[in-house]
Amino acid sequence: MSDKLVNGTCSSNGNGNGNGDASNKKCNGTRKEVRVWCDGCYDMVHFGHANSLRQAKALGDKVIVGIHTDEEITKHKGPPVFTEEERVKMVKGIKWVDEVVLGAPYVTTLEVLDQNDCDFCVHGDDITMTAEGVDTYHLVKSANRYKEVKRTAGVSTTDLVGRMLLLTRNHFRQGSAEYDIEKEAKLLKIQQLQSRLGSSNMGQDSAAKSPWTGCSQFLPTTQKIIQFSDGKSPNPGDKIVYVAGAFDLFHVGHLDFLEKARKLGDYLIVGLHTDPVVNSYKGSNYPIMNLHERVLSVLACKFVNEVVIGAPYCVTEELLDHFKIDVVCHGRTPIALEDGKVDPYAVPKTRAIFELIDSGNDMTTERIVERIILHRLEYERRNQAKEKKEIEAFEALQRQKQTQKAG
C-alpha cells in the first residue's frame, strides 16, 4: 500500500489491513496519496474507456492502468484489434492516466495491487469474465478493495466494430433522427444474408439481450463535455497551434500527430469537421464515430487543450484571428480540395504560418477498418461468445437479487 503523501512526509503504518478506503488515512496531519488501479484490454480505446478513467481519477490522486497482453486477451475473449504496444501508447495518451503497466493478469489479484502500491481497484458496472466464466474481480471484491464507476452508455468496442462491418450510416444522422439507432431499411437485405451466414449484429441492436454488449443511445450533454475539458484558456504570450480534421476512431496515428503538433507551441486547438463534411471527403459510411463522440475522444487526449466543434473545412481569416492562432498544421495525408477547387489551407499558407508534420506513424482510420474486415469472422465469434457469457451472468445476478428480496 502507498506511503506517499500529497503534502508533507510520512512513514508506513504497516497495518496492511487491505481496506480499500485509503482516503481517510493520515500521517502527521497530512493525507496519504491514494493510488487507484484500473485494468483491462483497452482495445480500440474510446471515450467510454476515458470516462471510466476520469471517474477513477476522482476517487484518488494517481491512476495506474494495467493492460492485458495480446496472449491473455486472445485466450479469454479472442484476438484484440490493436497490438499491446499500440494499446499501451493509447492509454498513456489519456489525460487522467499517471502510469501504465503492461502484463496485468486477467483476474485482478491482491498481489498486483500491492506490487503497484495501489489502494484499491476501480472498474465499470459491467461484468468482465474469464474464458471459464469467472468474474475477473472476485478476489479484490472479497477483500473490499474494489470500487465501481458508471459505464458510459451508448458506446462499446463491440458497437464500433459493428459499424465498420455493417457499413451503417445511422450514427451520424441529422435532425430529428440524429440519435435514432435503428437500422436503415436499405441494409435489411445485407443483414438477412449475414444472418443466414451466421453473422452477428455486433452490438448494433438496441434490443440486444446483454445489457453490456448491446448498444444504447449515446446522448451528449454539456456536462459531459465540461467533464472532459480542462477549461483552461491560453496564457498571455502562449504560442497557439491549430489542427483540423475528422479524428475518427481516435488512434495511435492521431496521438503521435497531436504530440508533435503540441510541441510546436504552448496551446493546442483541434478543429473537428462535421459528419456531413467528413463524409464528403471520406465517403462510404465515414465517419465511423459521430461528431459528439469524436469531440470527447479528442478532449480526452492529454496533448489537446481545446476543441472547435464543427470547425469550417477551410481555415478562414476569422478563425485565425478569433483564436489568435500562430501555427496551423496538417499531417502527411492528402488534403482534399473544397469543391475540388479550393485549398482549405490557402489562408494560413498566405500568412506563412502553415506547417506539414510527419507523425512517423502510418496508422489511419482506413487501416483499422481493414484489420476488422480481414479478421471479420474471428471478431464476430469473439463478440457472440462475449454476449453469451454476459447474458448468463446477468440472469444469475437477477436471480440472486430476487432471492435476496424474497429472503
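**Strand 4, its neighbours and the cysteines**

Let me start with a single residue, Cys 38, which is buried, because its relative accessible area is 1% and the cut-off for buried is under 20%. Please keep in mind throughout that what we are looking at is a predicted model.

Since this is a cysteine, you may wonder how many disulfides a search of the whole structure finds. The search finds 0 disulfides, and for Cys 38 in particular the nearest cysteine sulfur, which belongs to Cys 121, lies 6.6 Å away, whereas a disulfide would need the two sulfur atoms to be within 2.5 Å. Another cysteine, Cys 329, is also counted as buried, because its relative accessibility is 0%.

Now let me turn to the strands, beginning with strand 3, which covers residues 35-40 and runs parallel to strand 4, the two being joined by 6 bridges. Within this pairing, Trp 37 is the residue that stands opposite Ile 64 of strand 4. To get from strand 3 to strand 4, the chain passes through helix 1, residues 47-57, and the β-α-β crossover that results is right-handed.

On to strand 5, residues 99-102, which is also parallel to strand 4 and is joined to it by 4 bridges. Here Ile 64 appears again, this time with Glu 99 of strand 5 as its bridge partner.

That leaves strand 4 itself, and the question of why it is largely enclosed by the rest of the structure. Strand 4 spans residues 62-67, and 5 of its 6 residues are buried, so the strand is largely enclosed by what surrounds it in the structure.

Conventions
Residues are numbered from 1 along each chain as its sequence is written. This is a predicted model: local features need pLDDT of at least 70, side-chain atom pairs count only at pLDDT 80 or more; totals for chains, interfaces and linings use all residues. Side-chain values use heavy atoms; hydrogens and water are left out. Buried means under 20% relative accessible area, exposed over 50%, partly exposed in between (1.4 Å probe, protein chains only). Two strands pair if DSSP finds at least two bridges between them. A crossover is right-handed if, with the strands pointing away from the viewer, the path from the first strand over the helix to the second runs clockwise.
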